Amino acid sequence: MSLLKLFEYMAHGKPIVSSDLPAIREVLRDSVNSVLVSPDNPSDWVKAHQRLHENEVFRDQIGLQGRRTFWPSIAASHAQPTS
């Protein structure tokens, strides 16, 4: 299992749906920077994708927080008001 794809998605601010596995939980947090689902339950995967599809605010929040997780210094600088 390679986490490389997860980091690529995070760097680009893409919302992530991933298996809820111990190695994944070292990087991703459910409903914070991803949606974690049971790897053995296809209906959980469908529900997670429907949730992201139907809720633009949540989808954008997950993507942005993933980007902040990957690029903390860049995300912090974008959050600062400019003079």
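Patches are made of residues with over 30% relative accessible area and no salt bridge, where like charges are joined within 9 Å and nonpolar side chains (Val, Leu, Ile, Met, Phe, Trp, Tyr) within 5 Å. The model is predicted, so that local features need pLDDT of at least 70 and side-chain atom pairs count only at pLDDT 80 or more, while totals for chains, interfaces and linings use all residues. Residues are numbered from 1 along each chain as its sequence is written, and side-chain values use heavy atoms, with hydrogens and water left out.

**Exercise 1.** Name the residues of the nonpolar surface patch, and place Phe70.

Solution. The patch is formed by Phe7, Phe70 and Trp71, which together have about 250 Å² of accessible area (Shrake-Rupley method, 1.4 Å probe, with only the protein chains shown counting as cover for residues). Phe70 lies in helix H4, residues 56-70 (helices are DSSP runs of H or I, at least four residues, numbered from the N terminus). With a relative accessible area of 30%, Phe70 is partly exposed, a class between buried, under 20%, and exposed, over 50%.

**Exercise 2.** Describe how H3 and H4 pack.

Solution. Helix H3, residues 42-54, packs against H4 at an angle of about 105 degrees, and their axes are 5 Å apart (axes are lines fitted to C-alpha atoms over the stretch in contact, and angles run from 0 to 180 degrees between N-to-C directions). H3 and H4 are therefore roughly perpendicular, the term for 65 to 115 degrees. Arg51, Leu52, His53 and Glu54 of H3 make the contact with Glu56, Phe58, Arg59 and Ile62 of H4 (heavy atoms within 4.5 Å).

**Exercise 3.** Give the order of elements in the protein chain.

Solution. The five helices and two strands (strands are DSSP runs of E, at least two residues) run α-β-α-β-α-α-α from the N terminus.

Definitions and conventions. Salt bridge = Lys/Arg side-chain N within 4 Å of Asp/Glu carboxyl O. Buried < 20%, exposed > 50% of the residue type's maximum accessible area, 1.4 Å probe, protein only. Parallel < 35°, antiparallel > 145°, perpendicular 65-115°, else oblique.
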